[in-house]
Amino acid sequence: MAVSASASLSKAVKQQYMELPQGGKVQAMYIWIDGTGEGLRCKTRTLDSEPKSVEDLPEWNFDGSSTYQAEGSNSDMYLIPAAMFRDPFRKDPNKLVLCEVLKYNRKPAESNLRITCKKVMDMVTDQHPWFGMEQEYTILGTDGHPFGWPSNGFPGPQGPYYCGVGADKAYGRDIVEAHYRACLYAGVNICGTNAEVMPAQWEFQVGPCEGIDMGDHLWVARFILHRVCEDFGVVASFDPKPIPGNWNGAGCHTNVSTKEMREDGGLKAIEDAIEKLGKRHRYHIRAYDPKGGLDNARRLTGHHETSNIHEFSAGVANRGASIRIPRSVGQEKKGYFEDRRPSANCDPYGVTEALIRTCLLSEEGDEPTEY
């Protein structure tokens, strides 16, 4: 099993230094999405006192030519603090700071989908849109081989691994437990976790989050997962189909609910939203992975609990449909629906924005409306 060289460094020696007092200063780790739309970057600065809100945090900059976001001749990009969390690695009073990225001319970088998402969410605050996203991922060795799989073959076929217990069924639970506790410490609204259908594949759920918080909390949960895996010397992959063949892919099922859907008789609003989604399938597929649908094409085959990427479908308790209405919602006639199409490496800002545009702003056609 290939693990990183860093993992073999003595954590006990490091701990000696981490226990030293900070002299009243605070370390703030600024986090941003790079030009790929799925990679994360970070760097740290010292603050003179503990910030109480995002407004207390200074803007910063970085070299965009090294993050696929600018050319070398004009490479300065701005980091604009957008959300702040407690730092589970350095602990209080230190902070994690999720940032938006602006270009040299103060316009949003191409990968900054937060700015339009926020604008769209601000238009529907009275409808109180709630989201919950189910983030699937696969633990890999540094050689790209799934964690715990035999080096020259495959584990037994799928069946015993989903929510499995035991060393022969659950591969890498230490990472899952560490990530869960780190998210709770940070203030991320993580609400659950489970082992998935493919061995070494896991899922955590974030939500319910209202509006822009969904994207903020999921991105920080992903960052924390990458950092936890780094400490263990392994890699967290959000590839939607890490192993070809008869193995489940990885998605990011997105649950959606508005105030109207949660009230008595809300099933009508849910059905209306699904009807609108059915007329805009191509637009959503483009928005649901960072490569405009190409990544998802490997996953959405109509097999392994997925729908076919070319067809829209909906049903009660149907895990082979584009949209699933949970059985309990069908019985209570109110609640939420689940969009099963988003890919594991989707941008949650892009996904939640697309859902609001179609379901609440009643947009039509293959292009988003400019507001």
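In this predicted model, Phe 154 has a relative accessibility of 57% and therefore counts as exposed, the cut-off for that class being over 50%. Its partner in an aromatic pair is Trp 149. Trp 149 has a relative accessibility of 6%, so this residue counts as buried, a class that requires a value under 20%. The pair thus joins an exposed ring to a buried ring. A pair of aromatic rings is described by the distance of the centres and the angle of the planes. For Trp 149 and Phe 154 the centres are 6.0 Å apart and the planes make an angle of 65°. The arrangement is classed as edge-to-face, because angles over 60 degrees fall in that class. The count of aromatic pairs comes to 8. Aromatic residues also form a cluster, made up of Tyr 137, Phe 204 and Phe 238.

A further buried residue is His 217, whose relative accessible area is 13%. This histidine is part of helix 4. In sequence, His 217 is separated from Met 84 by 133 residues, while in space their C-alpha atoms are 9.9 Å apart.

Two annotated regions were examined for their content of helix and strand. The UniProt record, an unreviewed entry, lists a feature named "domain: GS beta-grasp" at residues 24-106. Over residues 24-106 the chain is 47% strand and 0% helix. The C-alpha atoms at the two ends of this segment are 33 Å apart. The unreviewed UniProt entry also places a feature named "domain: GS catalytic" at residues 113-371. Within residues 113-371, helix accounts for 34% of the chain and strand for 17%. Here the end C-alpha atoms are separated by 15 Å.

The largest pocket holds about 740 Å³ of space. Its lining consists of 27 residues, and those closest to the pocket centre are Leu 113, Thr 116, Gly 350, Glu 353 and Pro 368. By class, this lining comprises 11 nonpolar, 9 charged and 7 polar residues. At least two lining residues come from each of helix 2 (114-123), helix 7 (281-287) and helix 10 (348-359). Helix 2 makes the greatest contribution to the lining of the largest pocket, with 4 residues. At the level of domains, domain 1 (25-111) and domain 2 (121-360) each provide at least three residues of the lining of the largest pocket.

The second largest pocket contains about 530 Å³ of space. It is lined by 22 residues, of which Gln 15, Pro 88, Phe 89, Arg 90 and Lys 91 are the closest to the pocket centre. Helix 1 (11-18), helix 3 (173-186) and helix 4 (213-232) are the elements that each give two or more residues to this lining. Helix 4 is also the helix in which His 217 is found. The most residues in the lining of the second largest pocket, 5, are given by helix 1. The lining divides into 10 nonpolar, 8 charged and 4 polar residues. Because domain 1 (25-111) and domain 2 (121-360) both give residues to the lining, the second largest pocket lies between them.

Cavities were considered separately from pockets. The count of cavities of 30 Å³ or more comes to 2. The largest cavity has about 80 Å³ of space. Ile 33, Leu 98, Cys 99, Glu 100, Val 101, Ser 111, Asn 112, Leu 113, Arg 114 and Tyr 349 line the largest cavity. Strand 5 (residues 95-102) supplies the largest share of this lining, 4 residues. By class, the lining of the largest cavity has 6 nonpolar, 2 polar and 2 charged residues. Leu 113 lines the largest cavity and is also among the residues closest to the centre of the largest pocket.

The second largest cavity has about 40 Å³ of space. Its lining is made up of Tyr 161, Lys 169, Ala 170, Tyr 171, Ala 195, Glu 196, Met 198, Pro 199, Ala 200, Gln 201 and Trp 202. Of these residues, 8 are nonpolar, 1 is polar and 2 are charged.

How values were computed: Residues are numbered from 1 along each chain as its sequence is written. This is a predicted model: local features need pLDDT of at least 70, side-chain atom pairs count only at pLDDT 80 or more; totals for chains, interfaces and linings use all residues. Side-chain values use heavy atoms; hydrogens and water are left out. On a 1 Å grid over the protein atoms alone, a cavity is a set of points where a 1.4 Å probe fits but cannot get out, and a pocket is an open set with protein on both sides within 12 Å along at least five of seven lines; lining residues have an atom within 4 Å of a point. Grid points are joined across faces, edges and corners, and a volume is the space filled by probe spheres set on the points. Ala, Val, Leu, Ile, Met, Phe, Trp, Tyr, Cys and Pro count as nonpolar, Asp, Glu, Lys and Arg as charged, and the others, Gly among them, as polar. Domain bounds come from an automatic or database domain assignment. UniProt positions are given in the numbering used here, feature names are shortened, and annotations may be inferred rather than shown by experiment. Rings of Phe, Tyr and Trp (its six-membered ring) pair if their centres lie within 6.5 Å; planes under 30 degrees apart count as stacked, over 60 as edge-to-face and the rest as tilted. Buried means under 20% relative accessible area, exposed over 50%, partly exposed in between (1.4 Å probe, protein chains only).
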